[in-house]
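Dear colleague,

Please find below the structure that I am handing over to you, followed by an account of what was found in it. I would be grateful if you could read the notes with the structure open.

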Amino acid sequence: MKILVITATLGNRPSLAKTIQSVKEIGGKNVTHIIVTPEKNIPQIKAQYNNIECLPELPDKKGIYAALNHGFFTYGKNFDYLTFINDDDYWLPDFKILIGEAQKNVDFVYGKVNFILENKDKQIKEMACSNQFKDFIPLLHHNIVLFTQQATLLKSELFFKIGGFNENYKLVSDTLFWAKLSLLDINYKYIPKACAGYTIPVSYTHLTLPTNSL
């Protein structure tokens, strides 16, 4: 089984080192991790991170979703499963459980994340979650986000069936993508374990995090 992991980044965050290391250690031989970044940043990233594979972002397209689409549409059809991780987030050991479930040929598998305070490496809360993936859209109407992308694995064919991420949105295209996925007739698996760390900037800690009990 082959898994493609994309990280879209400018490459200047120190946290990227932990992102790359976690994917390498936990994903092992199953995973190919590709960095999508402005072309001018590639030599520095390769030098700093053991010649990690990089893809220059398209010069005429900006934003994280354009970068993610570029990575997935360039490489994704050569892989069984796809996922992406931000340059300030990282996998936890239980991500291996997601990989194990994917090997059973499920279409989509997801788990929980731990909210981690930026620069403190301190857990704030564990995200509440649910095995009722089909309730993704009804829950959104109540401002409840069922899960986030840090702890997901998706069959590559489904990414292309949906058409990738809508590049007209700056922040919510991944949520829109999961909503569309929830409308499809797929087999999925929920793992009630924290499988990734989701970094929360200190300036955001006054906000209510999505930890509603379901």
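Please note first that this is a predicted model.

I begin with the cavities. By class, the residues that line the largest cavity are 8 nonpolar and 2 polar, with no charged residues. The lining consists of Phe 72, Leu 82, Thr 83, Phe 84, Thr 152, Leu 154, Phe 159, Phe 165, Phe 177 and Trp 178. Strand E4 (81–84) gives the largest share of this lining, with 3 residues. At least two lining residues each come from E4, strand E8 (152–155) and helix H7 (173–182). The space inside the largest cavity amounts to about 60 Å³.

In total, the structure has 2 cavities of 30 Å³ or more. The second largest has a volume of about 30 Å³. Its lining is made up of Glu 57, Leu 58, Lys 61, Lys 62, Gly 63, Ala 66 and Ala 67. By class, these are 3 nonpolar, 1 polar and 3 charged residues. Two of the lining residues, Glu 57 and Lys 62, also form a salt bridge with each other, at 3.6 Å from N to O. Lys 62 counts as exposed, at 62% relative accessibility, since the cut-off for that class is over 50%.

This leads to the salt bridges in general. Side chains of opposite charge can pair when their charged atoms come close. The count for this structure is 6 salt bridges. In one of them, Arg 13 pairs with Asp 87, and the closest N and O atoms are 2.7 Å apart. Arg 13 sits in the loop between strand E1 (3–8) and helix H1 (16–27), while Asp 87 sits in the loop between E4 and strand E5 (90–91), so this pair ties together parts that are 74 residues apart in sequence. How do the two partners compare in accessibility, buried or exposed? Arg 13 is partly exposed, with 38% relative accessibility, whereas Asp 87 is buried, with a relative accessible area of 8%. A network of salt bridges links Arg 13, Asp 87 and Asp 88.

A further salt bridge joins Lys 104 to Glu 101, with 3.1 Å between the closest N and O atoms. Here Lys 104 is exposed at 59% relative accessibility, and Glu 101 is buried at 13%.

I turn finally to the nonpolar cores. The largest of them has 36 residues, and those with the most contacts inside this core are Phe 72, Phe 108, Phe 133, Phe 147 and Leu 181. At least two of its residues come from each of E1, strand E2 (31–37), helix H3 (64–75), E4, strand E6 (108–117), helix H5 (136–140), helix H6 (156–162) and H7. H3 supplies the largest share of this core, 5 residues. Apart from this core lies another, of 23 residues, which includes Ile 99, Val 106, Met 127 and Ile 200.

Phe 72 appears both in the lining of the largest cavity and among the residues with the most contacts inside the largest core. For Phe 108, if residues up to four places away in sequence are not counted, the residues touched are Phe 133, Phe 147, Thr 152, Leu 153, Leu 154, Trp 178, Leu 181, Ile 186, Asn 187, Tyr 188 and Lys 189. Thr 152, Leu 154 and Trp 178, which are among these contacts, also line the largest cavity.

With kind regards

Notes: Residues numbered from 1 in each chain as written. Predicted model: local features only at pLDDT ≥ 70, side-chain atom pairs only at ≥ 80, totals over all residues. Heavy atoms only, no water. Salt bridge = Lys/Arg side-chain N within 4 Å of Asp/Glu carboxyl O. Helix = DSSP H or I, 4+ residues; strand = E, 2+ residues; numbered from the N terminus. Buried < 20%, exposed > 50% of the residue type's maximum accessible area, 1.4 Å probe, protein only. 1 Å grid on protein atoms, 1.4 Å probe; cavity = no way out; pocket = protein on both sides within 12 Å on 5 of 7 lines; lining within 4 Å. Points joined across faces, edges and corners; volume = space filled by probe spheres on them. Nonpolar A, V, L, I, M, F, W, Y, C, P; charged D, E, K, R; others polar. Core = buried A, V, L, I, M, F, W, Y, C linked by side-chain atoms within 4.5 Å. Contact = heavy atoms within 4.5 Å.
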